[in-house]
Amino acid sequence: MEVRIADLGSVPRRVEFSEPVEGMNRQLALSPGCTGQHFDEALKVAAELQLCGDDVVVTGRLEGGVTGDCPRCLDEFFRDIKREFRLVVERFDRGAGAESSAVASHDGYRLDLSPLVVEELLLGIDDTTPCSEDCRGLCFGCGANLNRTPCTCD
Ligand SMILES: [Zn+2]
Ligand SMILES: [Zn+2]
């Protein structure tokens, strides 16, 4: 999702979009520590964009989820993610020579929101949560998934 900087002003501009899974999965694959997870659902984003000097302030809310393994039973399940975020996107002229220190930057013409919202989604993933509160995990002896199969160790 790209916005034109010229369309923004000091009055917040509302945008709503959904981010398709293909691009999100590509970005996920490049993120360290996110192996074994993938997106099956588009990410829904509602945000307000406001120009503050040369910076773009993005405030919004995202709703989505990621499919990944349960740390206890290793079954795949869908983790819901809802997250509010606020980002300051600084202007950065590539021609100026200096490296930008900002996490997110725009070139004064266009701002691509897609990588920013996917990054926010990735920050919201907690891969230590089990598939359910009372997930019984795997038996250390026989390896049975105790949610489905009784232990055969005896
Ligand atoms: Zn589990
Ligand atoms: Zn067992």
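The paragraphs below lead through a predicted model of a protein, from its overall outline to its sheet, its core and a few single residues.

Confidence in the prediction comes first, with a mean pLDDT of 90 for the protein and 94% of its residues at 70 or more. Among the parts of the protein, strand 6 has the lowest confidence, with a mean of 88, whereas strand 3 has the highest, at 97. Where pLDDT is low, the predicted coordinates should not be read in detail.

The secondary structure consists of two helices and seven strands, and in sequence order these elements follow the pattern β-β-α-β-β-β-β-β-α. The protein has a radius of gyration of 20 Å, well over the 15 Å that the globule rule gives for 154 residues, and it is therefore more spread out than a compact globule. The C-alpha trace, taken along its principal axes, spans about 70 × 30 × 20 Å. Of the 154 residues, 17% are buried. As for the contacts between residues at least 6 apart in sequence, 55% of them join residues that are at least 24 apart.

The sheet is the next step. It is an open sheet of five strands, in the order 2-3-4-5-6, and its pairing is mixed. Strand 2 (13–19) and strand 6 stand at the edges, and because each has a single partner strand, one side of each is left without a neighbour in the sheet.

Starting from the edge at strand 2, the pairing with strand 3 (residues 43–52) is antiparallel and extends over seven bridges, and here E16 stands opposite A46 of strand 3. Strand 3 and strand 4 are also joined in the antiparallel sense, over nine bridges, with Q50 having V57 in strand 4 as its bridge partner. These two strands form a hairpin with two residues between them, in which G53 takes a positive phi near 65°.

Strand 4 (residues 55–69) then runs antiparallel to strand 5 (residues 76–91), and 14 bridges join the two. Along this pairing, L62 stands opposite R83 in strand 5, while D69 stands opposite E76 in strand 5. The two strands form a hairpin as well, with six residues between them. Within the loop that links strand 4 and strand 5 lies L74, whose phi is near 65°, a positive value in a residue other than glycine. Most residues other than glycine have a negative phi. What is the exposure of L74? L74 counts as partly exposed, because 13 other C-beta atoms lie within 10 Å, and a residue would need 20 or more to be called buried.

At the far end of the strand order, the sense of the pairing changes: strand 5 and strand 6 (residues 105–106) run parallel and are joined by two bridges. One of the residue pairs here is R91 with its bridge partner H106 in strand 6.

With the sheet laid out, the buried part of the protein can be described. The largest nonpolar core has 18 residues, and L43, V58 and V117 are those with the most contacts inside it. At least two residues of this core come from each of strand 3, strand 4, strand 5 and helix 2. V58 touches A47, L49, L87 and V89, when residues up to four places away in sequence are left out. Helix 2 (residues 114–123) has L116, V117, V118, E120 and L121 as its buried residues. An α-helix has 3.6 residues a turn, so residues three or four places apart point the same way. The buried residues of helix 2 are covered by elements that include strand 2, helix 1 (21–29), strand 3, strand 4 and strand 5.

A last residue to consider is A46, which has its place in strand 3. Is A46 buried or partly exposed? A46 counts as partly exposed, because it has 13 C-beta neighbours inside 10 Å. Leaving aside residues up to four places away in sequence, A46 touches E16, G60 and R61, and E16 is also the residue that stands opposite A46 in the pairing described above. A46 and C131 are separated by 85 residues in sequence and by 28 Å in space, C-alpha to C-alpha.

Notes:
Residues are numbered from 1 along each chain as its sequence is written. Chains are lettered from A and ligands numbered from 1 in the order in which they are written. This is a predicted model: local features need pLDDT of at least 70, side-chain atom pairs count only at pLDDT 80 or more; totals for chains, interfaces and linings use all residues. Two strands pair if DSSP finds at least two bridges between them. Helices (H or I, at least four residues) and strands (E, at least two) are DSSP runs, numbered from the N terminus. The radius of gyration is taken over C-alpha atoms; the globule rule is 2.2 Å times the number of residues to the power 0.38. A residue is buried if 20 or more other C-beta atoms lie within 10 Å of its own, exposed if 12 or fewer, and partly exposed in between; C-beta atoms are placed from the backbone. Two residues are in contact if their C-beta atoms, placed from the backbone, lie within 7 Å. pLDDT is the predictor's confidence in each residue, from 0 to 100. A nonpolar core is a set of buried Ala, Val, Leu, Ile, Met, Phe, Trp, Tyr and Cys residues joined through C-beta atoms within 7 Å.
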